[in-house]
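Welcome! Please take a moment to look over the model below, and then let us walk through some of its features together.

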Amino acid sequence: MKLKILVGTTTSTAECVAQAIQMDCADLVDDIDVQLMDGLTVEVFDESALFLICCATYGSGDVPDNAQALYASLHANPQYLGHVRYGVMSLGDQGSYPMTFAMGGRNFDEKLTDLGAQRLGEVWTHDASSDVSPEESGVAWCRSWLVEHALVQAAK
Ligand SMILES: Cc1cc2nc3c(=O)[nH]c(=O)nc-3n(C[C@H](O)[C@H](O)[C@H](O)COP(=O)(O)O)c2cc1C
C-alpha cells in the first residue's frame, strides 16, 4: 500500500509532522510519500494510494497559500472521488483563533466528502497554543489510525 501525505503549510509544522510519520511509520507502510500541495490539482487523486491531508490553517480559517491551488481545483474541476480513501490532520491555534480553529484541514475534508471520497476515522487536530508536540502526537495518531482501519497489520 502507498500512503501519500499531502501537506498544506506556511511555516513547516505540518511538513515536520508528515516527515515524522514518514520516518516513524516505515515499519507499517512500505511506501510513504510526502508531497507539498504547491501546484497540485484534483488529478493528484487519480493515483492509487491512501491519502492523508496534513494541513495548517491561515487567514480566517482558510487553507495555507501553498494549498490554495489544490483547494480551488476541487471546486473548479469537481470530479467524483468515490475511489479515494483519506484521513485528515488539521493544524491550528485554538488560543489565538478559537472561531476558526483547524479549519484548514476541515475545509479539505468537507470538499472531499462532497466529491464522494471516504474519510477514515475522525479528523486529528493540533493546537499550536498547547504544549503538545505536533510530531509526537501526530505520529501516535497516525500509527493507531493505520491499525484501527485495518490498513496495515498491527505488527509487521
Ligand atoms: C497569520 C496567521 C493566521 C492564522 N489563522 C489561523 C486560523 O484562522 N485558525 C487556526 O486554527 N489557526 C490559525 N493560525 C495558526 C496556524 O495554523 C498554526 O500555527 C499552525 O501550526 C501552522 O502550521 P504550519 O507551520 O504548517 O504553517 C494562523 C497563524 C498565522 C500566523
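Is D27 buried or exposed? Before the answer, one reminder: this is a predicted model. D27 is exposed, because 10 other C-beta atoms lie within 10 Å, and the limit for an exposed residue is 12 or fewer. You can find D27 in the loop between α1 and β2 (31-36). Its C-alpha atom is separated by 9.9 Å from that of V152, although D27 and V152 are 125 residues apart along the chain.

A few other loop residues are worth a visit, and the table puts them beside D27.

| Residue | Loop | Other C-beta atoms within 10 Å | Class |
|---|---|---|---|
| D27 | between α1 and β2 (31-36) | 10 | exposed |
| D65 | between β3 (50-55) and α2 (68-76) | 14 | partly exposed |
| S12 | between β1 (2-8) and α1 | 13 | partly exposed |
| A102 | between β4 and α3 (103-114) | 25 | buried |

Why does A102 count as buried? A102 has 25 other C-beta atoms within 10 Å, and a residue is buried at 20 or more. The backbone of A102 also deserves a look: its phi is near 55°, a positive value in a residue other than glycine. S12 has a positive phi too, near 75°, and is likewise a residue other than glycine. As for D65, its C-alpha atom is separated by 7.7 Å from that of T9, with their positions 56 residues apart along the chain.

T9 brings us to the ligand. Which residues come nearest to the ligand? Of the 21 residues around it, these are T9, T13, A56, G92 and Y97. Two elements, α1 (13-24) and β4 (85-92), give two or more residues each to this shell. By class, the shell holds ten nonpolar, ten polar and one charged residues.

Now follow α1 to its meeting with another helix, α4 (residues 134-148). The axes of α1 and α4 come within 9 Å and cross at roughly 50°. That angle makes α1 oblique to α4, and the crossing is right-handed. On the α1 side, the contact is made by T13, C16, V17, A20, I21 and D24. On the α4 side, P134, E135, G138, V139 and C142 take part. Sorted by class, the contact of α1 with α4 has seven nonpolar, two polar and two charged residues. T13 is thus a residue to remember: it belongs to this helix contact and is also one of the residues that come nearest to the ligand.

How values were computed
Residues are numbered from 1 along each chain as its sequence is written. This is a predicted model: local features need pLDDT of at least 70, side-chain atom pairs count only at pLDDT 80 or more; totals for chains, interfaces and linings use all residues. A residue is near a molecule or strand if its C-beta atom, placed from the backbone, lies within 6 Å of it. Helices (H or I, at least four residues) and strands (E, at least two) are DSSP runs, numbered from the N terminus. Ala, Val, Leu, Ile, Met, Phe, Trp, Tyr, Cys and Pro count as nonpolar, Asp, Glu, Lys and Arg as charged, and the others, Gly among them, as polar. Axes are lines fitted to C-alpha atoms, for helices over the stretch in contact, and angles run from 0 to 180 degrees between N-to-C directions. Angles under 35 degrees count as roughly parallel, over 145 as roughly antiparallel, 65 to 115 as roughly perpendicular and the rest as oblique. A crossing is left-handed if the near helix is turned anticlockwise from the far one by less than a right angle, and right-handed if clockwise. Two residues are in contact if their C-beta atoms, placed from the backbone, lie within 7 Å.
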